[in-house]
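Student: Please take a close look with me at the salt bridges, and place them among the parts around them. I would like one connected tour rather than a list.

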Amino acid sequence: MKNSTFITRVTIKNYKSIAACDIQLCALTFLVGPNGAGKSNFLDALRFVADALNSSLDHAIRDRGGIKEVRRLSGGHPNLFSIRLEFALPDGATGHYAFRIGTSPLSKGYEVQREECVLQNAKILTPETYFHVHDGAVAETSLKVAPAAAIDRLFLVNASGLKEFRPVYEAFSRMGFYRLNPNKLRDLQDPDPGDLLIRDGSNLASVLGQLSPPVKKRIEEYLAAVVPGVRGVEVKEIGPKETLEFRQDVAGAKHPWRFDASNMSDGTLRVLGILVAVLQGDERAQNRVHLVGIEEPEIALHPAAAGVVLDGLREAAEKTQILITSHSPDLLDDKDLDVESILAVEARDGISVIDCVDEVGRSAVRDRLFTAGDLLRLNQLEPDTASVEAEKTRQLHLFDYEKKNASRMKERERPE
């Protein structure tokens with residue numbers, strides 16, 4: 001598999017049910033665990049970043065019920081949350097983006113306490129490009145002239161007008177996260193530019209219509225393997241609206257019959273939506289989708305079709321990083337599935353624990369004694385306890401600026 005990994009490492013503190021996690025991601029990553037374990041909350045933390053950049057920080061927080069619903073609920077009542085994403089861009093540049101948001105007496109109830117972005121380009125022999133924002137003011141930056149900062153907005157939005165940080169902004173803002181709704185896929189849809197699939201799939205027809213012929217053909221081939229008899233799918237205009245029209249073989253008919261989306265099953269529509277979600281976009285920078293997250297693709301899917309969907313996910317992951325949440329053993333039954341691509345998720349005393357599979361589970365899969373699906377059926381797919389305990393004993397460092405300042409302070413306090 002080609003390395004399409006965009007986000008290489010994720011560190012989260014006090015986001016919803018997640019007290020702390022620090023994990024590595026692959027080109028294709030599965031978050032696996034029971035209902036209510038916190039899989040969706042992990043995916044939502046990444047979606048929060050995209051929402052805050054695409055619309056506004058205020059919208060991203062209000063859409064989730066306010067700052068009190070975003071920060072972790074616990075007896076200690078933490079009043080802030082933090083997210084750090086380490087990334088690799090297609091041009092070879094690497095870096096990290098992090099922010100900390102806390103409660104505030106201001107009318108909106110929140111403030112951006114810290115925000116930083118550090119970017120290194122190995123191909124260009126120049127110092128790193130960076131900014132550090134502290135309580136609504138630019139504390140340090142490599143820029144000769146920096147835009148103004150505000151305590152209730154993410155600075156990366158303002159910095160996106162600069163060529164140095166534009167690629168970072170575009171990469172994070174063009175991430176897609178999906179909980180597909182068959183009713184929305186079935187309804188007549190409003191046409192739009194179709195450059196990015198909407199979360200519930202309500203612009204699926206527009207996105208399908210913008211795909212290149214080779215990509216559309218691959219989608220139809222996968223769809224036919226899941227739903228025998230399907231020969232193709234087209235966009236159909238109905239007045240000012242549009243919908244999907246399927247061509248499907250019918251016994252005794254010389255030519256395939258045509259069926260509107262309103263006549264198709266939930267499973268067929270969901271499979272089409274999943275395939276379009278992971279294969280959308282193209283190689284052009286402005287249209288590239290860097291990461292796609294899909295919640296429970298196995299819903300309404302026959303177990304025998306899980307292998308076909310997994311093949312489609314693997315192909316898509318050669319160009320786009322894919323994150324999947326699941327509690328389906330059927331999706332994990334492939335003996336060639338890399339156990340390192342699986343993150344086990346558990347809820348312990350109301351706190352989500354997210355980590356790689358423990359050593360016992362990894363050994364069982366590597367030695368082909370069990371598939372990951374077998375371990376899930378046996379309730380033996382668990383996070384690495386040793387790693388989790390180590391996490392409790394060390395402080396997660398999200399901001400390089402704070403670490404540098406702490407080191408400077410220690411140097412000053414050292415007796416001569």
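Tutor: Happily. One yardstick first: a residue counts as buried under 20% relative accessible area, as exposed over 50%, and as partly exposed in between. Phenylalanine 370, at 34%, is therefore partly exposed, and we will meet this residue again near the end of the tour. Please keep in mind that this is a predicted model.

A search of the whole structure finds 38 salt bridges, and three of them will guide us. Let's begin with aspartate 400 and arginine 84, whose closest N and O atoms are 3.1 Å apart. Aspartate 400 belongs to helix α14 (residues 400-413) and arginine 84 to strand β4 (residues 80-88), so this pair links distant parts of the chain, 316 residues apart. Arginine 84 has a relative accessible area of 7%, which means that this residue is buried. Nor does the pair stand alone, for Arg9, Asp22, Arg84, Glu86 and Asp400 are linked in a network of salt bridges.

Our next stop is the salt bridge between arginine 199 and glutamate 295, where the closest N and O atoms are 3.4 Å apart. Arginine 199 sits in the loop between α6 (182-186) and α7 (204-210), while glutamate 295 is in strand β13, so the pair ties together parts that are 96 residues apart in sequence. The two partners differ in cover: arginine 199 is partly exposed at 25% relative accessibility, whereas glutamate 295 is buried at 9%.

Arginine 199 also brings us to a pocket. The second largest pocket holds about 420 Å³ of space. It is lined by 20 residues, and those closest to its centre are Asp51, Asn54, Leu196, Ile198 and Arg199. Two elements, α1 (39-54) and β9 (175-178), give two or more residues to that lining. By class, the lining is mixed, with eight nonpolar, six polar and six charged residues.

From glutamate 295, step along the chain to glutamate 296, in the loop between β13 (291-295) and α10. Most residues other than glycine have a negative phi. Glutamate 296 has a positive phi of about 45° although it is not a glycine.

Helix α10 (306-316), in turn, is one of the elements that supply at least two residues to the lining of the largest cavity, along with α8 (213-226) and α9 (266-279). That cavity holds about 40 Å³. Its lining makes a contrast with the pocket we just left: seven nonpolar residues, with no polar and no charged ones.

The last salt bridge joins arginine 362 and aspartate 384, with the closest N and O atoms 3.9 Å apart. Arginine 362 lies in helix α11 and aspartate 384 in the loop between α12 and α13 (385-393), 22 residues apart. Here both partners are buried, arginine 362 with a relative accessible area of 12% and aspartate 384 with 14%.

Helix α11 also leads back to where we began, since phenylalanine 370 is found in the loop between α11 (359-366) and α12 (372-377). Together with Leu369 and Leu378, Phe370 forms a nonpolar patch on the surface, with about 300 Å² of accessible area. Patch residues need over 30% relative accessible area, so the 34% of phenylalanine 370 meets that cut-off.

Conventions: Residues are numbered from 1 along each chain as its sequence is written. This is a predicted model: local features need pLDDT of at least 70, side-chain atom pairs count only at pLDDT 80 or more; totals for chains, interfaces and linings use all residues. Side-chain values use heavy atoms; hydrogens and water are left out. On a 1 Å grid over the protein atoms alone, a cavity is a set of points where a 1.4 Å probe fits but cannot get out, and a pocket is an open set with protein on both sides within 12 Å along at least five of seven lines; lining residues have an atom within 4 Å of a point. Grid points are joined across faces, edges and corners, and a volume is the space filled by probe spheres set on the points. Helices (H or I, at least four residues) and strands (E, at least two) are DSSP runs, numbered from the N terminus. Ala, Val, Leu, Ile, Met, Phe, Trp, Tyr, Cys and Pro count as nonpolar, Asp, Glu, Lys and Arg as charged, and the others, Gly among them, as polar. Patches are made of residues with over 30% relative accessible area and no salt bridge: like charges are joined within 9 Å, nonpolar side chains (Val, Leu, Ile, Met, Phe, Trp, Tyr) within 5 Å. Accessible areas come from the Shrake-Rupley method with a 1.4 Å probe; for residues, only the protein chains shown count as cover. A salt bridge is a side-chain nitrogen of Lys or Arg within 4 Å of a carboxyl oxygen of Asp or Glu. Buried means under 20% relative accessible area, exposed over 50%, partly exposed in between (1.4 Å probe, protein chains only).
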